[in-house]
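Hi,

Here is the structure I promised to send over. Have a look at it first, and then read on for what turned up in it.

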Amino acid sequence: MTADAGGGFTAPRLELRQITKSYPAVMANDGVSLRVMPGEIHAVLGENGAGKSTLMKIIYGVVRADAGEMLWNGRPVSISNPAEARRLGIGMVFQHFSLFETLTVAENIALAVDGPFDLEALAARIDAVSERYGLPLDPGRLVHSMSVGERQRVEIVRCLLQEPELLIMDEPTSVLTPQAVRGLFETLQRLASEGCSVLYISHKLEELRTLCHKATVMRDGRVTGMADPARESAAELARLMVGRELPVCTHAPAREGGAVRLEIDGLSRRSDDPFGTDLEDIRLRVHGGEIVGIAGISGNGQQELLACLSGEQPLARAQAARIRIDGREAGHLDTAARRGLGLAVVPEDRLGRGVVAAMPLTDNALLTAHRRGMVRFGMVLSSKVEAFAGRCVRDFDVRCSGVDAEARTLSGGNLQKFIVGREILQKPAVLIAAQPTWGVDVGASAAIRQALIDLRDEGVAILVLSEELEELFEISDRIAVIARGRMSAARAARGTDMEEIGLLMSGLSSDAQLECAHD
Amino acid sequence: MIRLEPRPRASKAMRYLSPVIAAALTGVCGVIFSALAGLDPLDTFYAFFIAPIDDRYGLGELGVKAAPLMLIATGLAIGFRSNVWNIGAEGQLTLGAVSGGGLVLLFYDSGSAWLLPGAVVAGAIGGMLWAAIPAILRTRFNTNEILVSLMLNYVALLLLSYLVHGPWRDPEGFNFPESRLFPDSAMLPVILADTRLHLGFLFAVAAVAIGWVFVRRSFIGYQMRVAGLAGGAAEYAGFNRARMIWIGLLAGGAAAGVAGICEAAGPIGQLLPSISPGYGYAAIIVAFVGRLHPIGILLASLLMSLLYLGGEAAQMELGLPSAVTGIFQGVLLFLLLAVDLFVNYRVRFKTTVVEEALS
């Protein structure tokens, strides 16, 4: 690593000039220019779909630009694949890790490192790097036994072994507890002080303000502004990112004393997947008129819990009483029967689960709303379906060319509004929503959160599973934490804070000490 | 530089044009093949595609061959739409002929007006029972219905062969492996004078209509479309997968069974060791050329029927081997799959800007 602390003219570590990349349906990057100086932590800020990830893939050689220039330490370069990028000194940590779960840390790293295959020497180097940057890691451990935060450390160490001059981090904190985020920031600051540049992609404003020296803001594939994140307020950054003021949800406290509408009483279930999470003795009560949020790092049992609650994996007959909907035993019932009891579910995956991509909105309305008098004598009453779909589009402001529009032609945000609307219009007793605003633009997110709060005020019991702590604090009345398949007691959202929830998110796991060691 | 580029979304026009293009290209291939074989391409084309249907009898034959194809393809398409892959229509057809024909032979001398309807119902039941085997194995033990239904085809053929060589052989048939000729009361009436076009053709057209209503209007048909397009969405909505597998397989089995008894009680008039020139397999091609759509299936079955007739004519007129029918079927399916590439992709002629910019 080179330290460019010396005076005089310093060429930017990386300079992009007028990078353009178009896909058949969308202009991903439109004349994007960017400069990263040595030792600078540079934020690339933008909503989902703003073109950040495409830009990073161009830099890392995964995708080729249609037009534009790239300069590396002042020299024009053309990077045609990631191996070339690594040779130049560019490392990248992707949002989704590429690790083999059945291999050890050292074995995984050996796969990406050039040179002779010598695990012992490699293990020594891993130890050295992880100690130097405060990234505790055991080279002999199998990856499947590691938490998401630890896996991210493997990816970072793998990059650092190449002694990069530029490290690209794609949404690195979306899988971390607040405590682990602080540890990551210390590592990045240490790297920067040694002259390594960091390109840091995120849509979380607060963390950029504490970490980054500079920010480039993108919207719809274009650069909309440059900013000094420490000086600008979060609201100002948001305005650059979204193009208008951030909408805020109105949120009065929940009314007390609603009846218990969803009860989970000692739910345990072994996972069929060897790398899945076993659920252990989960207990939770959701009253009518409140929103309970379940926080947790992804992969701690949320999917398994959702499958048990929705009925996609019903329990054995003997365990029927483990789940009750409006007092009635539902554990053994399948999805259809539970919907009959008044359950509605907003799934995590939109396309392919929440809706059928190739079907029009009318047919997608029928998917779960068919109980509302849309079928007679086994035949579909298309006028009723159209009326329902039309109401859904109108009431929830779904932007589309009409109810005949195929689901895949809608943006993520509009599609999610349609799905949430479809479930709400069925007047459920209990609504379960998984990641309701994941990958949804800011405007639609606010609309969806408001819709959930309005539904709560009508006396519906709502359970929200989310990895976004900010979201949970914004809408939840009570928050519980799931970690390693166990659930903490729910506590009032107003009586706790992110710090405490963050500790719980990692605290029940075996790497509690490691995570705490960062403080 | 020519390159393939994914379309932003699948082309609707190409979806419907592609079978037409494939059929036209099949004709072109036929011309090329005959030129290579040293025949006059125009004569061959005429003998193959025009001569077989240039009179009333020929048109009747077109219907006779199209009927089983249409019927079976409509039944199969119901399963195919929900990713239930029944490849066993040939066996289900055979079992339809065995059960329907068995009933006829059992009440041979009754002369009852109920014998024919009874035989058709028995044919449907026979086909369904044969299709129930892969269905039960799939829903119980998660076996692959493609393999099971395909292998059962050979079992069915051997069963029929045993019956006509043994217990059901015509005692006055000079030891030929054939059953007795069906009595008139058990034969499907001819619906177009001076041809062999029989009532089975109307069954097939009715099946197309019922299939259309089922797929487009019924709720279970909707559920099966969802399951075929997005299994995850069907799971999320709580649609019963086992029920769809049963319906998908039984619909194909019933249609094939009816087609089987209609062959035995129609153009053949008895049970023979082989009662189908591969209709059960050809119907799979018909279903896909017809885009699993009832109207498409109707047109595709006429095309496939013409290929059968043309193949027979080519054998008689031009002395070509019988394999010529199979070649045309294969070429048609091959070209359809090839042309289907352009539903999701398009060809672009352009130079890339990147290389110039970065060099």
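Start with helix H9 of chain A, residues 302–310: eight of its nine residues are buried, so this helix is largely enclosed by the rest of the structure. The buried ones are Gln302(A), Glu304(A), Leu305(A), Leu306(A), Ala307(A), Cys308(A), Leu309(A) and Ser310(A). Just past the end of H9(A) comes Gly311(A), with a positive phi of about 95°. Do keep in mind that this is a predicted model.

Chain B has a helix of a similar sort to look at. In H8(B), nine of the eleven residues are buried, which leaves the helix mostly covered. The buried set is Phe219(B), Ile220(B), Gly221(B), Tyr222(B), Gln223(B), Met224(B), Arg225(B), Val226(B) and Ala227(B). At the N-terminal end, Ser218(B) acts as the cap of H8(B), with a side-chain oxygen 2.9 Å from the backbone nitrogen of Gly221(B). Met224(B), which sits in this helix, has a relative accessibility of 1%, so it counts as buried. If you want a distance for orientation, Met224(B) and Tyr279(B) are 25 Å apart from C-alpha to C-alpha, with their positions 55 residues apart in sequence.

H8(B) also takes part in a ring contact. Before I get to that, here is the wider count: there are 13 aromatic pairs over all chains. One of them is Tyr60(A) with Phe94(A), an edge-to-face pair with 5.9 Å between the centres and 70° between the planes. What does that pair tie together? Tyr60(A) is in the loop between helix H1 (52–59) and strand E4 (67–72) of chain A, while Phe94(A) is in the loop between strand E6 (90–93) and helix H3 (105–112) of chain A, so the contact joins parts that are 34 residues apart in sequence. Are the two partners buried or exposed? Tyr60(A) has a relative accessible area of 5% and is buried, whereas Phe94(A), at 25%, counts as partly exposed.

The pair involving H8(B) is Phe219(B) with Phe239(B), again edge-to-face, at 6.1 Å centre to centre and with 85° between the planes. Phe219(B) belongs to helix H8 of chain B and Phe239(B) to the loop between helix H9 (231–237) and helix H10 (241–268) of chain B, so this pair ties together parts 20 residues apart in sequence. Both Phe219(B) and Phe239(B) are buried. Elsewhere in chain B, ring pairs connect Phe45(B), Phe48(B), Phe49(B) and Phe328(B) into a cluster.

Two arginines are placed over tyrosine rings. In chain A, the charged end of Arg190(A) sits over the ring of Tyr133(A), 5.8 Å from the ring's centre. In chain B, Arg180(B) lies over the face of Tyr108(B), 3.9 Å from the ring centre.

Next, the second largest pocket, with a volume of about 1400 Å³. Its lining is made up of 40 residues, and those nearest the centre are Ala358(A), Arg15(B), Arg81(B), Arg216(B) and Leu229(B). Which elements give two or more residues to that lining? From chain A they are helix H11 (361–369) and helix H12 (382–395); from chain B they are helix H1 (12–36), helix H3 (56–81), helix H7 (200–217), helix H8 (219–229) and helix H13 (323–344). H13(B) supplies the largest share, five residues. Sorted by class, the lining holds 17 nonpolar, nine polar and 14 charged residues.

Two single residues to finish. Thr437(A) lies in the loop between strand E19 (430–434) and helix H14 (442–457) of chain A, and at 9% relative accessible area it is buried. Its side chain makes polar contacts with the side chains of Arg449(A), at 3.4 Å, and Glu471(A), at 2.2 Å.

Pro171(B) is in the loop between helix H6 (145–165) and H7 of chain B, and its relative accessibility of 68% makes it exposed. The C-alpha atoms of Pro171(B) and Gln315(B) are 34 Å apart, and the two residues are separated by 144 residues along the chain.

Cheers

How values were computed:
Residues are numbered from 1 along each chain as its sequence is written. Chains are lettered from A and ligands numbered from 1 in the order in which they are written. This is a predicted model: local features need pLDDT of at least 70, side-chain atom pairs count only at pLDDT 80 or more; totals for chains, interfaces and linings use all residues. Side-chain values use heavy atoms; hydrogens and water are left out. On a 1 Å grid over the protein atoms alone, a cavity is a set of points where a 1.4 Å probe fits but cannot get out, and a pocket is an open set with protein on both sides within 12 Å along at least five of seven lines; lining residues have an atom within 4 Å of a point. Grid points are joined across faces, edges and corners, and a volume is the space filled by probe spheres set on the points. Helices (H or I, at least four residues) and strands (E, at least two) are DSSP runs, numbered from the N terminus. Ala, Val, Leu, Ile, Met, Phe, Trp, Tyr, Cys and Pro count as nonpolar, Asp, Glu, Lys and Arg as charged, and the others, Gly among them, as polar. Rings of Phe, Tyr and Trp (its six-membered ring) pair if their centres lie within 6.5 Å; planes under 30 degrees apart count as stacked, over 60 as edge-to-face and the rest as tilted. Buried means under 20% relative accessible area, exposed over 50%, partly exposed in between (1.4 Å probe, protein chains only). A charge sits over a ring if NZ of Lys or CZ of Arg is within 6 Å of the ring centre and within 35 degrees of the ring normal. A polar contact is a pair of N or O atoms within 3.5 Å; within protein, one must be able to donate a hydrogen and the other to accept it, and residues adjacent in sequence count only if both atoms are side-chain atoms.
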